[in-house]
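Thank you for making the time this morning; I would like to walk you through the empty spaces in one protein model, and then through a short piece of its strand pairing. Please have the structure open while I talk.

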Amino acid sequence: MSFFRHLSSATHRHRFSLLSRFSTSTAPLLNAGLGPTQAHEKPRVVVLGSGWAGCRLMKGLDTQLYDIVCVSPRNHMVFTPLLASTCVGTLEFRTVAEPIARIQPAISSEPGSYFFLANCTAIDPDKHLVQCESVTEGTQAPDPWKFTISYDKLVIALGAQPTTFGIHGVYEHAIFLREVYHAQEIRRKLLLNLMMSDVPGIEEEEKKRLLHCVVVGGGPTGVEFSGELSDFIVRDVRQRYTHVKDYIHVTLIEANEILSSFDVRLRQYATNQLKKSGVRLVHGIVKDVEEKKIILNDGTEVPYGLLVWSTGVGPSAFIRSLDLPKAPGGRIGIDDWLRVPTVEDIFSIGDCSGFIESTGKTPLPALAQVAERQGRYLAILLNKIGKANGGRANSAKDVDFGDQFVYRHLGSMASIGSYKALVDLRQSKEGKGLSMAGFVSWFIWRSAYLTRVISWRNRFYVAINWATTLVFGRDISRI
């Protein structure tokens with residue numbers, strides 16, 4: 001009996017020690033949070049965001065030097081290069097989602113490291129404090145919980161939001177393609193339209209509208225989605241929805257040239273291949289988006305059943321609202337070491353950041369490889385700072401940061417459907433390098449992304465899904 005009393009007492013002391021990390025002494029319970037780190041605790045790195053940059057940073061941080069706290073509205077990283085494939089059933093959704101706890105196990109195992117499903121609502125650089133609000137969903141969800149987190153080092157890696165250019169109706173009627181729930185919504189809408197169009201009594205014009213898929217934006221995401229969609233139509237819809245197979249079409253709308261960052265020869269190849277696959281290419285600028293049609297600047301009306309918007313990204317309203325130095329375009333300004341100037345212990349990486357003009361560096365593209373490279377560099381830098389006893393707040397002023405961040409472009413790849421892809425290994429648009437297109441490029445594209453998938457678990461899922469789709473076709477279940 002004394003053994004159980006001892007065990008209960010030990011359990012109570014352990015719970016008290018965990019709860020004591022949360023500071024509630026000077027504020028009401030609803031404003032509780034993580035207080036400043038004590039001398040016997042490790043310095044705390046707070047990471048805002050769980051995208052390419054933030055996750056690569058957390059993966060590389062030395063957990064012997066730091067406690068890590070991640071704040072994000074999602075508990076996983078999205079492998080965006082393969083997201084378009086999930087929309088039509090080539091891959092399952094779980095294959096592109098990597099839990100943060102697998103990327104950095106300390107988040108769920110170390111007593112001073114945490115993941116909070118929340119949004120950051122404010123940053124106080126003077127007090128080394130971030131204010132957060134928990135994410136809630138559903139009609140019966142609890143009220144949002146507000147709390148604060150003190151940091152020794154803060155890394156802002158909140159990504160960017162889709163650019164709409166202020167066009168009316170985009171947010172109300174279009175679907176973006178940046179998150180897993182976007183892909184799920186596209187898939188549900190696409191399959192619903194296919195089934196609705198087969199219902200008796202549907203007029204011809206309405207059937208054509210329901211089965212008209214419009215993609216706005218001719219960048220890699222828009223082109224890859226159009227290619228996946230055309231493959232889905234040719235290889236699956238025409239076999240399993242024979243009654244409506246002649247009605248479904250894909251239109252890709254781009255104001256300039258598709259895949260403008262690629263070699264001219266590759267752009268022409270992609271254009272010809274997409275047309276051959278049945279994708280209609282339209283050069284135009286969207287003026288207005290209505291519930292069932294979009295209007296171009298020349299007055300042309302384009303009816304649609306599914307509208308996917310992929311016209312690039314820009315800084316979010318929260319990033320614009322922060323009282324921090326800004327780079328051209330409204331992103332958070334950073335110096336050569338990815339620090340935010342004029343404030344102590346704040347860094348920014350990924351799509352939400354850009355070099356300030358005084359660095360003389362050109363803006364970096366909003367690409368996954370840029371964000372990943374920045375995350376890797378900053379992890380090495382913070383580990384170096386921690387080993388030099390500069391991990392505490394306001395203690396890194398005399399630390400030699402060493403080499404500046406330098407980005408070298410490794411090239412670009414894009415799948416265009418029909419077992420074809422583009423590979424452009426030039427370091428810049430004007431530079432020289434290998435560029436190729438066709439089946440071999442498609443094989444390189446798949447091989448490269450299979451090796452870039454973060455965990456062996458998801459690599460196995462991707463490989464099995466590809467093999468299953470090749471043999472049995474895509475899954476057309478609407479779940």
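**Cavities, a pocket and a strand pair**

By class, the lining of the second largest cavity has seven nonpolar, two polar and one charged residues. Before I go further, I should say that this is a predicted model, and that everything I describe is computed from it.

Let me stay with that second largest cavity, which holds about 50 Å³ of space. Its lining is made up of Met77, Val78, Phe79, Thr95, Val96, Ala97, Glu98, Val453, Ile454 and Asn458, and strand S5 (76–78) and strand S6 (97–99) each supply at least two residues of that lining.

How many cavities of 30 Å³ or more does the structure hold? There are three, and the largest cavity contains about 70 Å³ of space. Around the largest cavity you will find Arg331, Ile334, Gly350, Asp351, Ser353, Gly354, Phe355, Leu364, Pro365, Ala366, Val370 and Gln374. The elements that give two or more residues to this lining are strand S22 (353–355) and helix H12 (368–387), and S22 gives the most, with three residues. Sorted by class, the lining of the largest cavity comes to six nonpolar, four polar and two charged residues.

I turn now from the cavities to a pocket. The second largest pocket has a volume of about 340 Å³, and it is lined by 23 residues, of which Arg235, Tyr419, Arg446, Thr469 and Arg474 lie nearest its centre. Two or more lining residues come from each of helix H9 (220–240), strand S23 (412–417), helix H13 (439–452) and helix H14 (456–472). Which element gives the most to the lining of this second largest pocket? That is H9, with seven residues. As for the character of the lining of the second largest pocket, seven residues are nonpolar, eight are polar and eight are charged.

Finally, a look at strand S18, residues 306–309, where Leu306 and Val308 point one way while Leu307 and Trp309 point the other way. In a regular strand, side chains alternate between the two faces of the sheet. Are these four residues of S18 buried or exposed? All of them are buried. S18 is joined by four bridges to strand S12, residues 212–216, and the two strands run parallel; within this pair, Val214 stands opposite Leu307 in S18.

Conventions:
Residues numbered from 1 in each chain as written. Predicted model: local features only at pLDDT ≥ 70, side-chain atom pairs only at ≥ 80, totals over all residues. Heavy atoms only, no water. 1 Å grid on protein atoms, 1.4 Å probe; cavity = no way out; pocket = protein on both sides within 12 Å on 5 of 7 lines; lining within 4 Å. Points joined across faces, edges and corners; volume = space filled by probe spheres on them. Nonpolar A, V, L, I, M, F, W, Y, C, P; charged D, E, K, R; others polar. Buried < 20%, exposed > 50% of the residue type's maximum accessible area, 1.4 Å probe, protein only. Pairing = 2+ DSSP bridges.
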